[in-house]
Amino acid sequence: MFQMALLGNALLSRLWESHKYRVLPFPGGRGAGEIIEVYPGATLRTMGPASYKSRPDEAVRLGIATCAAAGIKLDVDLRLIALACRYNSGTAKTPDFDVADAFVALCTAILHVEGACRPALAPDPIWQERLVKEWEGAIWVPTITTSAAA
């Protein structure tokens with residue numbers, strides 16, 4: 001896990017130094033683009049299922065349905081959906097549907113661009129929320145939920 005944190009920091013630092021992106025929690029704004037932190041599990045808990053790792057098809061369906069509920073129609077190649085629903089880099093005991101996770105993260109990013117996300121942890125009062133977003137960073141989740149049937 002520590003190695004992944006170092007790799008992530010190296011990636012964010014390069015994005016920051018490019019002057020193209022605003023990377024939270026680095027201070028100030030440098031570019032027009034924005035880098036946000038997304039946890040697929042947090043997004044999916046916002047949408048409903050508490051446990052999703054063994055149900056990638058439901059995760060993909062909820063990502064698409066949540067975008068649709070926000071008025072965003074995704075034109076996704078059916079082969080990508082099929083891959084997201086079946087690809088498992090984990091084991092039988094601990095499945096890890098990486099493509100489904102990536103798809104949910106992409107849906108969250110699209111929702112963020114469209115103004116349909118909020119920080120997962122929104123402390124009170126409002127100034128504390130600003131501190132979380134500007135100084136610590138924040139995990140973003142959709143503000144729109146759906147109960148679309150499978």
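The exercises below, each with a worked solution, walk through a predicted model.

**Exercise 1. The cores**

Task: Find which residues touch the most other members of the largest nonpolar core, and which helix supplies the largest share of this core.

Solution: Begin with the membership, since the largest nonpolar core holds 14 residues, and of these Val60, Cys67, Phe103 and Leu111 touch the most other members. Next, turn to the helices, where α3 (56–69) and α5 (98–113) each supply at least two residues of this core, and the largest share, five residues, comes from α5. Apart from this core lies another one, of six residues, and among them are Met47, Tyr52, Leu62 and Val104. As a last step, take valine 60 by itself: when its neighbours within four places in sequence are left aside, valine 60 is in contact with Ile81, Ala84, Cys85, Ala100 and Phe103. As background, nonpolar side chains in soluble globular proteins tend to be buried together.

**Exercise 2. Two buried residues**

Task: Decide whether threonine 43 is buried or exposed, and list what threonine 43 touches.

Solution: Threonine 43 has its place in helix α2, which spans residues 40–47. Its relative accessibility is 0%, so threonine 43 counts as buried. Not counting residues up to four places away in sequence, threonine 43 touches Val38, Val104, Thr108, Trp140, Val141 and Pro142.

Task: Work out which residues are in contact with histidine 112, leaving aside neighbours within four places in sequence.

Solution: Histidine 112 is found in helix α5, and with a relative accessibility of 18% this residue counts as buried, because buried means under 20%. With the sequence neighbours set aside, histidine 112 is in contact with Glu34, Ile36, Cys117 and Trp140. One of these, isoleucine 36, is 76 residues apart from histidine 112 along the chain, while the C-alpha atoms of the two are separated by 8.6 Å.

**Exercise 3. Cysteines without a bond**

Task: Explain why cysteine 117 forms no disulfide with the closest cysteine.

Solution: The closest cysteine sulfur to that of cysteine 117 belongs to cysteine 67 and is 8.9 Å away, so the two are too far apart for a bond, because a disulfide needs sulfur atoms within 2.5 Å. The count of disulfides in the model comes to zero. In terms of exposure, cysteine 117 is buried, with a relative accessible area of 13%, whereas cysteine 85 is partly exposed, with 26%.

**Exercise 4. Salt bridges**

Task: State how many salt bridges there are, and which residues are linked in a network of them.

Solution: The count comes to three salt bridges. In one of them, arginine 55 pairs with glutamate 58, the closest N and O atoms being 2.5 Å apart; in another, arginine 61 pairs with glutamate 58 at 4.0 Å. Arg55, Glu58 and Arg61 are therefore linked in a network, since a salt bridge joins a side-chain nitrogen of Lys or Arg to a carboxyl oxygen of Asp or Glu within 4 Å. Arginine 61 and glutamate 58 both lie in helix α3, three residues apart, which is about one turn of the helix. Aspartate 77 and arginine 79 also meet in a salt bridge, at 2.7 Å from N to O; here aspartate 77 is partly exposed, with a relative accessible area of 38%, and arginine 79 is exposed, with 66%.

**Exercise 5. A surface patch**

Task: Identify which residues form a nonpolar patch on the surface.

Solution: The patch is formed by Leu80, Leu83 and Tyr87, which together have about 240 Å² of accessible area. Leucine 83 has its place in helix α4 (residues 78–86), and at 31% relative accessibility leucine 83 counts as partly exposed.

Notes
Residues are numbered from 1 along each chain as its sequence is written. This is a predicted model: local features need pLDDT of at least 70, side-chain atom pairs count only at pLDDT 80 or more; totals for chains, interfaces and linings use all residues. Side-chain values use heavy atoms; hydrogens and water are left out. Buried means under 20% relative accessible area, exposed over 50%, partly exposed in between (1.4 Å probe, protein chains only). Helices (H or I, at least four residues) and strands (E, at least two) are DSSP runs, numbered from the N terminus. Contact means heavy atoms within 4.5 Å. Patches are made of residues with over 30% relative accessible area and no salt bridge: like charges are joined within 9 Å, nonpolar side chains (Val, Leu, Ile, Met, Phe, Trp, Tyr) within 5 Å. Accessible areas come from the Shrake-Rupley method with a 1.4 Å probe; for residues, only the protein chains shown count as cover. A nonpolar core is a set of buried Ala, Val, Leu, Ile, Met, Phe, Trp, Tyr and Cys residues joined through side-chain atoms within 4.5 Å.
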